[in-house]
Amino acid sequence: MTDHIGLGVLSARFHRDLLEEVINRTGCREKRSRRLPAHMVIRYVIAMGLYGQESAEEVMRRLVGSLRVMGSWSDDWQVPTASAITQARQRLGMAPVKELFARAAVPVAGAGTKGAWLAGRRLMAIDGTSFDVADTSANVERFGRMGSEANASAYPKVQVTAVIECGSRAVVGAVLGPCSLGERTQAGELTGVVEPGMLLLADSGFYSFELFNRFAAGVADLARRVGASVSVELVRWLFDGSYLALIYRPGLSAQRRRHLAQTVTDGGQVPADTARLVRVVDYSVPDRNPDGDLITVITTIPDPHEVPAMDLAAAHHDRWEEESALKEIKSDLRGRGEVLRSKTPDFVEQQMWGLLLAHYAIRALLVDAADEAGYDPDRLSCIRGLRLVRRQVTDQAAISP
């Protein structure tokens, strides 16, 4: 039976060979034949992301429901009890599901995917959110609550900071941790996710000189908003209305800043750990504020011929695709206002990685459909994609070669 188990259309994203590689790499292979082998439990954890409001046994029933129709059901096989499923999840652990996400969650937008590119660069965005988890002492100890004492949140929360591909809304990198960790702290662990040919967008909450430098030291380009408290020193105006400027490490004296600015004006270089030359685009959104809402974006793309200021300003609003992606995970998959059911921290993280994998597979499926039809993937509803996948899980189990 377990050789025939599958997640319908999701099997194309997480095929059996990949699962076996992940199981071997993380050393979680079972030592004897079991009713719930490791590869089946991984698929079960992903299925939990599709049926977030169902009981453990019901998720398993849906996962294997079509096997009887296909003649793949053994009459003496019974759906395992919740206790048996819990033990199987304990044997599996969190590492294989996390490793599967690291291996499988890659950008999916093709060269012709609409809304995915700017001047040959793949648009990416970074943001964070938190998820309510079961109110147990272990979860409180690991993840904590928002606020303190009388103002503490009703449930402990796991903080998730993620990098998404804007064109597909697919999450391709994530960090999980206590809610006391800020998004900026977690973002430092995601520098390895961005690659050559990417443009990473972020809002002002993700700016610090150190973090900007860490990402800028890589091979991807950056474009992120900065607040009024960030000092940018004008160096030279550019023809498209943008300008070159210096950003500084906090704590530098005014005299030191003037010296660095003069060095750049004279054509010299400045130490990257002290100051960095960036291009600045200022623009406003009149209908957002009667007086105009001035937005300042700094970027590592210096040449306005390559990406004009107007194009960069327009593209920066694509960072909201991250908000949409996280909302899909929280509302469409998990269920609006629902709490992750896992009672222990390791199970919470295992379930969270499964939820991210389920969302990734749905988004990849929608990109395939949008590309074939010539649509922007944004036009395709995640909840409709989820319903389609749920039907496929029930009606069409995938049979491995």
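**Strand S6 and some ring contacts**

Both faces of strand S6 are covered: on one side Asp 221, Ala 223 and Arg 225 are all buried, and on the other Leu 222, Arg 224 and Val 226 are buried as well. This is a predicted model, so please take what follows as computed. S6 spans residues 221-226, and six of its six residues are buried, so the strand is largely enclosed by the rest of the structure.

Now its neighbours. Strand S5, residues 198-202, runs parallel to S6 and is joined to it by four bridges. One residue pairing there is Ala 202, whose bridge partner in S6 is Arg 224. To get from S5 to S6 the chain passes through helix H8, residues 209-216, and this β-α-β crossover is right-handed.

Strand S10, residues 294-299, is joined to S6 by four bridges too, but these two strands run antiparallel. Here Arg 225 has Val 297 in S10 as its bridge partner.

On to the rings. The count of aromatic pairs, with ring centres within 6.5 Å, comes to three. In the pair of Tyr 207 and Phe 212, how far apart are the ring centres, and at what angle are the planes? The centres are 6.2 Å apart and the planes are at 55°, so the pair is tilted, since edge-to-face would need over 60 degrees. Tyr 207 and Phe 212 are both buried.

Last, charges over rings. Arg 89 has its charged end over the ring of Phe 347, 4.2 Å from the ring's centre. Lys 330 lies over the face of Phe 131, and there the distance to the ring centre is 5.4 Å.

Terms used:
Residues numbered from 1 in each chain as written. Predicted model: local features only at pLDDT ≥ 70, side-chain atom pairs only at ≥ 80, totals over all residues. Heavy atoms only, no water. Phe/Tyr/Trp six-rings, centres within 6.5 Å; stacked < 30°, edge-to-face > 60°. Buried < 20%, exposed > 50% of the residue type's maximum accessible area, 1.4 Å probe, protein only. Lys NZ or Arg CZ within 6 Å of the ring centre and 35° of its normal. Pairing = 2+ DSSP bridges. Right-handed = clockwise from strand over helix to strand, strands pointing away.
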